[in-house]
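Trainee: I've got a new model open and I'd like to understand its empty spaces. Can you walk me through them?

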Amino acid sequence: MDERTADDERWSSWPEAWVGTDCDVRTVLGAIPREVKDAFRYDEIPWERFPHFYGTGAEVPGLLRMLASDDAEAAGRALRRLWTTVHHQGSTIEVAALAVPFLLRIAAAGHPGLRADTLTLVAVSGRRQHLGDGTREGLLQVAEDPLLIGPVECPVDWTVQAARDAVTSDLHLPLSLLPDPDPKVRSAAAFVLALATGEVPRVRSALRERLVVEDEPAVQVGLVLAVAQLAREQRDGSARDWVRELWSDPGRPPHVRVGAGLAWLCLVDSPAPYELRALLTDPGVRRHGDLFQQVPWISPVDSGDGLRRCIEDMLTPSAP
């Protein structure tokens, strides 16, 4: 068999023939023992097998070690480099999924000032990058386009799935950060927990219980959206009804009602009822724009005013 024929056969079976192989990051990540993750035994991870856009994955363990070091300044540089390395221009890179178990552990025990950004890196590694997508279909969508491929020519949705499975295996870590003193950490923890693919009732209960005692407006909105994202994937009718109760309750804070209104629109196919449309188009909603820019689901939609963009996109009928 000549080289061209072998290459043709290789690609004719792509990606099915790669499932479960050492090129499948889901398989590689799932085979890592917990004790390896808990002891930060980076040398037992095949980083080199999964390159990024700037080189091989071999530099990732060194950056993780630096991030976990006692030197806060060096740790900050390492985190910035990791963002560039494993999350290139909004795209999820295979090696990012391998880093997720360690990033979660570093976030839980590392520098408090870097905790929120570390958790956010985990969260964006496990979801579709919906830059500019504030639609009802896109805002809470997690799955990536199965035809999109990463640096090792495997579907990006495999990486997203692997990262989400890694989060699910270590749910105790982001759950422990929901009551963190820093509201940015609480917000990022909710963003991570919305990725859960298992133990969803437990996660949903924790998010709703946190909302009862949460006093930071941006975190309150994030908790509602996290519950809604889980409900969207699970087709959870009870959570959908809970979200509707939030936006329709005039006794709730306006920002919670607005956030719940957006969440509800993402969970149903029916047009927005008059009451919800009136809530979202009230001129007073504009004063909440800065608050919503602090919510990790909303800020990527528009760098200036994600709330306005979401409302416009969700209330404007889609073109045929």
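Mentor: Let's start at the largest cavity, where α7 gives the most to the lining, with 3 residues. By the way, this is a predicted model, where local features need pLDDT of at least 70 and side-chain atom pairs count only at pLDDT 80 or more, while totals for chains, interfaces and linings use all residues. Residues are numbered from 1 along each chain as its sequence is written, and side-chain values use heavy atoms, with hydrogens and water left out.

Trainee: What makes a space a cavity and not a pocket?

Mentor: On a 1 Å grid over the protein atoms alone, a cavity is a set of points where a 1.4 Å probe fits but cannot get out, whereas a pocket is an open set with protein on both sides within 12 Å along at least five of seven lines. By that rule there is 1 cavity of 30 Å³ or more. The volume of the largest cavity is about 30 Å³, a volume being the space filled by probe spheres set on the points, with grid points joined across faces, edges and corners.

Trainee: Which residues line the largest cavity?

Mentor: Leu67, Ile106, Ala107, Gly110, His111, Leu114, Arg115 and Thr118 do; a lining residue has an atom within 4 Å of a point. α6 (94–109) and α7 are the elements giving two or more residues to this lining.

Trainee: Why are α6 and α7 called helices?

Mentor: Because helices are DSSP runs of H or I with at least four residues, numbered from the N terminus, and α6 spans 94–109. Strands are runs of E with at least two residues, and the chain has 17 helices and 2 strands.

Trainee: What is the volume of the largest pocket, and what lines that pocket?

Mentor: The largest pocket has about 510 Å³. Its lining has 23 residues, with Arg136, Glu137, Leu265, Val268 and Asp269 nearest the centre. By class, that lining holds 10 nonpolar, 3 polar and 10 charged residues.

Trainee: Why does Arg136 count as charged?

Mentor: Because Asp, Glu, Lys and Arg are the charged class, Arg136 belongs there. Ala, Val, Leu, Ile, Met, Phe, Trp, Tyr, Cys and Pro are nonpolar, and the others, Gly among them, are polar.

Trainee: And how much space lies in the second largest pocket?

Mentor: About 420 Å³. Of its 19 lining residues, Ala116, Thr120, Lys184, Ser187 and Gln294 are closest to the centre. Here too α7 gives the most, with 6 residues.
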